[in-house]
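Trainee: I am new to this structure and would like a close look at a single part of it. Could you take me through the largest cavity, and give me some sense of the protein around it?

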Amino acid sequence: MPPDSVSLSEAGPVWSNDQGAAARPLVWRRSLTWLGLAICLVAIVTFREWGEMVHQWWSIDTYTHILLVPLIGLWLVWLKTGELARIEPRPWGAGLFVVAAALGLWLTGRVTGMNLVAHAGAVGALQGAILAVLGVRVGVLIALPVAYLAFLVPFGDEIIPPLQSITARLAIALTQVSGVPAVIDGIYIDTPAGLFIVAEECSGVKFLIAMVTLAVLVAFTRFESWRLRVAFLAASIVVPVLANGARAWGTIYIAQFAGIEFAVGFDHIFYGWVFFALVVACLLAGAWPFFEIEPEEYGLTAREVAERPWVARLERHGVSASVAVAAIAVMALCAGFAAALLAPYGLA
């Protein structure tokens, strides 16, 4: 192994008595300080987008689950602290291209008025800064929490119309099968008890995106095989959609006997407090016998990362932490300056 490679011991304490291991805490402190500075730089230039996202997380029910994403990310990193302690952060020059691309995406979103694109760019710049300052090995070790930050971006409005249509079709099919005469016109379902509309809040989008966010966490912390991961993720998409159609049917069916007001009130209480928990519990119960690993076993170990030839090849593009942060500062300044120039023209 080359002299500058990470030394990994088979056993014993994480911090061994060799000189390299003794120096790692200091290296980590310096690297985290540089990372904090880099994050501040990209956060300042994308401040408006972060403010918009935080407002959506806090104020819109569809996105309240995102408030847990940072905590989940920190928990996933904490599970890897032992492995992280065995390596040293090595800033990665190629990570700067990720930052540049993300800031370009952010600027594109600002110019075009596409908030989703701007938000994705803001989060991507944060992810790129982590890769650039901490390096390839750290990035591979904590690939899951870094990638999981993508769920900070509020998304889902784009799939509301098709979800409304799917829910309406499932509801009308079940309504007719259950013996209740009904006709459908788009998202409108006419029954003897009254006219029902599959509104946006009844599309199931809140349930679906929250379930997908949870499913990704479970898939990569409890399964090793991609076959089981894909199967669980697919079930976490299909089951909520089918369940929401069944919920809509239940509301229509109850209304035939107890009236619309009672059915709608029951639906809001049941769906808001019980239904989601039941579906999640059923999915997890079905997957439980197939769990392959414990959460702390997710991803690669430090030794496994060190043994990957492609990791060593990528590390050849290293830079110093000061150079990486300086480059991020220049890119952030240029992106902010471009946004400021375009603002008077209504383009940013």
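Mentor: Gladly! One term will help us first: pLDDT is the predictor's confidence in each residue, on a scale from 0 to 100. We need it because what you see is a predicted model. Over residues 1–19, pLDDT stays under 50, and for that stretch the model has 29 contacts beyond four places in sequence. For the protein as a whole, the mean pLDDT is 87, with 89% of the residues reaching 70 or more. Among the elements, helix α8 (residues 143–148) has the highest mean, 97, while helix α12 (residues 260–287) has the lowest, 79.

Now for the setting of the cavity. The protein is built with 15 helices and three strands, and 43% of its 348 residues count as buried. If you take the contacts between residues at least 6 apart in sequence, 79% of them join residues at least 24 apart. On the outside, the accessible surface comes to about 17,700 Å², and carbon and sulfur atoms account for 70% of that.

That brings us to your cavity. The count of cavities of 30 Å³ or more comes to one, and the volume of the largest cavity is about 30 Å³. Its lining draws on several parts of the sequence: Tyr-63, His-65 and Ile-66, then Phe-151, Val-153, Pro-154 and Phe-155, and finally Ile-209 and Thr-213. By kind, seven of these lining residues are nonpolar and two are polar, and no charged residue takes part in the lining.

Notes: Residues numbered from 1 in each chain as written. Predicted model: local features only at pLDDT ≥ 70, side-chain atom pairs only at ≥ 80, totals over all residues. Heavy atoms only, no water. Helix = DSSP H or I, 4+ residues; strand = E, 2+ residues; numbered from the N terminus. Contact = heavy atoms within 4.5 Å. Buried < 20%, exposed > 50% of the residue type's maximum accessible area, 1.4 Å probe, protein only. Areas by Shrake-Rupley, 256 points an atom, 1.4 Å probe, with all protein chains shown as cover. 1 Å grid on protein atoms, 1.4 Å probe; cavity = no way out; pocket = protein on both sides within 12 Å on 5 of 7 lines; lining within 4 Å. Points joined across faces, edges and corners; volume = space filled by probe spheres on them. Nonpolar A, V, L, I, M, F, W, Y, C, P; charged D, E, K, R; others polar.
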